[in-house]
Structures are given as structure tokens and as C-alpha cells.
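Me: I am new to this structure. Please take a close look at one part of it and walk me through what is there.

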Amino acid sequence: MRVAVADDSALFREGLAMLLAAAGVEVVAQAGTADEIIDQLAGNRPDAVILDIRMPPTFTDEGLIAAETIRAAHPAMGILVLSTYAETPYALRLLGDGGGGIGYLLKDRVDDITALHDALRRVVSGRLVVDEEVIAGLLAHRRRADELERLTARERAVLRHMAEGRSNQGIGAKLHLAPKTVENHVANVFTKLRMPASADDNRRVLAVLAWLRATGGEAGGEDRSSLCEERSTRLGEPR
């Protein structure tokens with residue numbers, strides 16, 4: 001098996017190359033940036049490429065961008081992305097197209113060369129490889145999204161404005177709703193998100209946290225169905 005490795009840490013990169021060589025894997029290219037490894041792929045034609053997610057210059061998602069570029073240019077090439085943390089948004093982005101030949105592992109897994117070699121073998125054969133911690137994060141993300149699915153479009157709009165810090169009065173003014181109507185929507189949000197009243201009654205905070213977790217932290221994210229409903233209300237159409 002022929003593999004290319006990209007990681008900004010020379011120490012990690014060299015150590016990984018040594019582990020792979022000991023397992024009988026030929027490392028045909030190494031690079032410290034995403035652009036460098038992409039440039040080397042055409043001439044070396046590895047079976048798979050191992051990419052760190054965070055690389056220069058911004059140390060954010062260069063590895064993911066490289067994976068998308070490689071996927072488009074070399075669809076038969078296996079891609080294994082390594083990350084220090086189980087980052088659910090990155091995993092969703094990487095695995096979003098549902099295709100095979102791609103994997104997402106945590107960096108601390110590479111110490112187990114048998115597991116790493118098996119992961120490479122699977123992505124090269126066109127299969128999907130996902131770290132168990134990443135799977136747990138994806139399942140939790142799905143559960144949080146499912147919670148919001150129980151809300152109506154109007155209730156999601158109310159919750160979105162709660163996440164923006166608006167009071168019931170402010171929400172009513174924004175959505176052109178009577179105070180009692182807003183109170184009813186807020187109560188429905190609490191009920192559907194399974195947040196019963198308690199002594200400290202911090203349900204408003206908990207509801208906002210549920211929204212932020214399910215939407216990736218975007219308090220002001222636009223909900224299309226909610227916006228359509230708001231526009232219909234302003235035009236005098238029935239809700």
C-alpha cells in the first residue's frame with residue numbers, strides 16, 4: 001500500500017511515517033501543508049492520503065478543504081483525516097456526501113498501528129471509517145436536531161429569538177404576536193423539549209442551549225419556514 005502524509009508537525013509526520021513503514025506501508029510523499037500534499041499527489045499516485053484537519057495557514061479546516069479537493073480530483077484515492085478532537089461539525093462536513101473511501105480518526109488512535117493499518121485498508125477498498133468517539137458525537141447531534149424537529153415553525157422562530165436574547169415582549173414585537181400568544185409558544189417549547197418547571201426554573205437558558213447545540217451555535221440562524229410564516233403574517237395571510 002502506498003500512502004501520502006500531511007501534517008504541520010514534522011515530529012508527528014516523521015513518527016507516523018516510521019510506524020507505517022514498520023507495518024509494510026510505503027510512504028511516498030510527506031508535506032506540512034495541504035497545498036504541498038495536493039501538489040505531490042499527481043506525481044506519486046498513492047493509494048491513500050492521511051490529512052491533519054488543522055494545518056497552515058489558518059489552522060482551521062485546511063485538511064477538510066484538501067480532502068474535498070482530492071476527492072474531486074482523485075475519486076478513487078482513499079482519504080483518512082486525523083483530528084486531535086472529535087469535532088462533530090467537521091465530521092458532518094467530511095462525511096456529508098455519504099460516499100465511501102473516506103475516514104475520520106482521532107490522532108491518539110495512530111499509536112495502534114494495527115488499527116491504523118486496518119483503517120487505511122478499508123478506505124482504500126472504498127469503505128467508510130469513523131472513530132467511535134466521532135460516532136458518539138454524531139449521534140448526539142442527531143438527537144439534538146430531532147428535538148427541534150418536534151417544534152412547529154412558529155415555535156422554532158420563538159426559540160431562535162430567545163437565543164438572540166429577546167424577552168417575550170421583544171419576541172412579540174419582532175413576530176407581531178400578542179404577549180399571551182408568545183407565552184403559549186414558549187410554554188410549548190419547554191414541553192416539547194421536555195423541560196418541566198423546577199425550583200430554579202432555568203428552562204429558558206436550557207432551551208437556548210438546546211437551540212445553540214442543534215444549530216452549531218448560530219443564535220441568529222435563519223429558519224426558512226419560520227421566515228415564510230412571519231412574512232405571511234405581515235401580509236395578513238392565515239398562519
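**A close look at Asp52 and the loop that follows**

Reply: Val205 is a useful marker before the close look: Val205 lies in helix H10, residues 203-214. Keep in mind that this is a predicted model.

Now to Asp52. This residue sits in strand S3, which covers residues 48-52. The UniProt record, an unreviewed entry, places the feature "modified residue: 4-aspartylphosphate" at Asp52. Is Asp52 buried or exposed? Its relative accessible area is 5%. Buried means under 20%, so Asp52 counts as buried. Which residues does Asp52 touch, leaving aside those up to four places away in sequence? They are Ala6, Asp7, Asp8, Gly63, Leu82 and Lys107.

Next comes the loop between S3 and helix H3 (62-73). Pro57 lies in this loop. A cis peptide bond joins Pro56 and Pro57, with omega at about 10°. Phe59 belongs to the loop between S3 and H3 as well. Phe59 is not a glycine, yet its phi is positive, about 55°. Both features deserve a second glance. Most residues other than glycine have a negative phi, and most peptide bonds are trans. Phe59 is partly exposed, at 39% relative accessible area.

Another loop has a similar entry. Arg194 lies between helix H9 (179-192) and H10. Its phi is positive, near 55°, and Arg194 is not a glycine. Arg194 is exposed, with a relative accessible area of 67%.

That leads back to Val205 in H10. Val205, Leu206 and Leu209 make a nonpolar surface patch of about 240 Å².

Methods: Residues are numbered from 1 along each chain as its sequence is written. This is a predicted model: local features need pLDDT of at least 70, side-chain atom pairs count only at pLDDT 80 or more; totals for chains, interfaces and linings use all residues. Side-chain values use heavy atoms; hydrogens and water are left out. UniProt positions are given in the numbering used here, feature names are shortened, and annotations may be inferred rather than shown by experiment. Helices (H or I, at least four residues) and strands (E, at least two) are DSSP runs, numbered from the N terminus. Buried means under 20% relative accessible area, exposed over 50%, partly exposed in between (1.4 Å probe, protein chains only). Contact means heavy atoms within 4.5 Å. Patches are made of residues with over 30% relative accessible area and no salt bridge: like charges are joined within 9 Å, nonpolar side chains (Val, Leu, Ile, Met, Phe, Trp, Tyr) within 5 Å. Accessible areas come from the Shrake-Rupley method with a 1.4 Å probe; for residues, only the protein chains shown count as cover. A salt bridge is a side-chain nitrogen of Lys or Arg within 4 Å of a carboxyl oxygen of Asp or Glu.
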